[in-house]
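Please open the model in your viewer and keep the sequence panel beside it. The tour below goes from one selection to the next and says what is found at each stop.

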Amino acid sequence: MHIADGYLSPETVVVSFAVAIPLWVYAFRKLKAKMNEETIPVLGALSALSFVIMMFNIPIPGGTSGHAVGATLIAIMIGPWVSFIAVSLVLLIQAVVFGDGGISALAVNALGMGLIASFSGYYLFELLKKYKFAPFIAGYTSLVFASFFVALILGIQPLFWSHDGTPLYFPFDLKVTIPMMVGGHLLFGIAEGIFTQVVYALLKKEKKVTYEI
């Protein structure tokens, strides 16, 4: 799901960072308020898990990839704002150290995999938490929502930024990006759902859930 450098127009990049930066500032304040001797090791462990599972990505036609994220689990455990900033930092490290995802696309990647996945997963879990498989459903759905956002941003590139019919940045429109990205993540979402369900159950057994927003 990581968008690489060169796929987004400068206008898209500017707007995405203009949206993301104030949200990062607010999320960082929420993170500072949450930090204590109980949350720090849990957040560190879950962020490390998110980093690892995102490294196992499978290429999707059109130049991007599919994988689990782990945002919903962090959101359930510590809150969606903390999950947003944690996943954003993971994406930054992956982009800078491993070239997985672009620096110019960091804000779009973070808004999709961090913000949308965290909040959709968190509130869906809250809605369904009396049911046994709420973590699975929340994790699964959050990944599909995030993939739709990424597909939307990629798919509008050739619609708005082309010259004489030739796309200047990402070449495939919504007719390609939505079925490829969302379709792929309807399958990858199963891995996200299982990951969320299993780890949540283990942490609940250890009585490490949850730290409310």
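## First stop: a pair of charges

Select Glu126 and Lys129, whose side chains meet in a salt bridge with an N to O distance of 3.2 Å. Side chains of opposite charge can pair when their charged atoms come close. The structure holds one salt bridge, and the model you are looking at is a predicted one. Glu126 counts as partly exposed because its relative accessibility is 27%, and Lys129, with 45% relative accessibility, also counts as partly exposed.

## The whole chain

Now zoom out and colour the protein chain by secondary structure, which brings up eight helices and four strands. Followed along the sequence, these elements come in the pattern α-α-β-β-α-α-α-α-α-β-β-α. If you turn the C-alpha trace along its principal axes, the spans are about 60 × 30 × 30 Å. A compact globule of 213 residues would have a radius of gyration near 17 Å, and the protein chain, with 17 Å, agrees with that.

Colouring by accessibility is a useful next view, since buried residues make up 52% of the 213 residues in the chain. The accessible surface comes to about 10,000 Å², and carbon and sulfur atoms account for 72% of that surface. Among contacts between residues at least 6 apart in sequence, 76% join residues at least 24 apart.

## A nonpolar patch on the surface

Select Val52, Met55, Phe56, Leu89, Leu92, Ile93, Val96, Val97, Phe98 and Ile103, which make a nonpolar surface patch of about 930 Å². Which helices each supply at least two residues of this patch? They are helix 2, residues 39–55, and helix 4, residues 80–98, and the largest share, six residues, comes from helix 4. Centre the view on Val97, a residue of helix 4, which is classed as exposed because its relative accessible area is 57%.

## Helix 6: Ser142 and Ala146

Move to helix 6, residues 134–155, and pick out Ser142. Ser142 counts as buried, since its relative accessibility is 1%. Leaving aside neighbours within four places in sequence, Ser142 is in contact with Thr72, Ala117, Ser120 and Gly121.

Stay in helix 6 and select Ala146, which is buried with a relative accessible area of 1%. With neighbours within four places again set aside, the residues in contact with Ala146 are Met1, Gly112, Met113, Ile116 and Ala117. To see how the chain returns to this region, draw a distance from Ala146 to Val182: these residues are 36 apart along the chain, and their C-alpha atoms are separated by 8.7 Å.

## Helix 8: Glu192 and Gln197

The next selection is helix 8, residues 174–205, where Glu192 is found. Is Glu192 buried or exposed? Glu192 is buried, because its relative accessible area is 1% and the cut-off for a buried residue is under 20%. Not counting residues up to four places away in sequence, Glu192 touches Ala68, Val69, Gly70, Ala71, Thr72, Gly139, Tyr140 and Leu143. Within that group, display the backbone nitrogen of Val69, which lies 2.5 Å from a polar atom of the Glu192 side chain. Glu192 and Gly112 are 80 residues apart in sequence, and their C-alpha atoms are 15 Å apart in space.

Further along helix 8 is Gln197, which counts as buried at 16% relative accessibility. Aside from neighbours within four places in sequence, Gln197 is in contact with Lys132, Phe133, Ala134, Pro135 and Phe136. Look here for the backbone oxygen of Lys132, which lies 3.0 Å from a polar atom of the Gln197 side chain. A distance drawn from Gln197 to Val15 joins residues that are 182 apart along the chain, with 35 Å between their C-alpha atoms.

## Last stop: a loop between two strands

Finish at Asp164, in the loop between strand 3, residues 162–163, and strand 4, residues 166–167. Most residues other than glycine have a negative phi, and most peptide bonds are trans. Asp164, although not a glycine, has a positive phi of about 55 degrees. Asp164 is also exposed, with a relative accessible area of 72%.

Notes. Residues are numbered from 1 along each chain as its sequence is written. This is a predicted model: local features need pLDDT of at least 70, side-chain atom pairs count only at pLDDT 80 or more; totals for chains, interfaces and linings use all residues. Side-chain values use heavy atoms; hydrogens and water are left out. Patches are made of residues with over 30% relative accessible area and no salt bridge: like charges are joined within 9 Å, nonpolar side chains (Val, Leu, Ile, Met, Phe, Trp, Tyr) within 5 Å. Accessible areas come from the Shrake-Rupley method with a 1.4 Å probe; for residues, only the protein chains shown count as cover. A salt bridge is a side-chain nitrogen of Lys or Arg within 4 Å of a carboxyl oxygen of Asp or Glu. Buried means under 20% relative accessible area, exposed over 50%, partly exposed in between (1.4 Å probe, protein chains only). The radius of gyration is taken over C-alpha atoms; the globule rule is 2.2 Å times the number of residues to the power 0.38. Contact means heavy atoms within 4.5 Å. A polar contact is a pair of N or O atoms within 3.5 Å; within protein, one must be able to donate a hydrogen and the other to accept it, and residues adjacent in sequence count only if both atoms are side-chain atoms.
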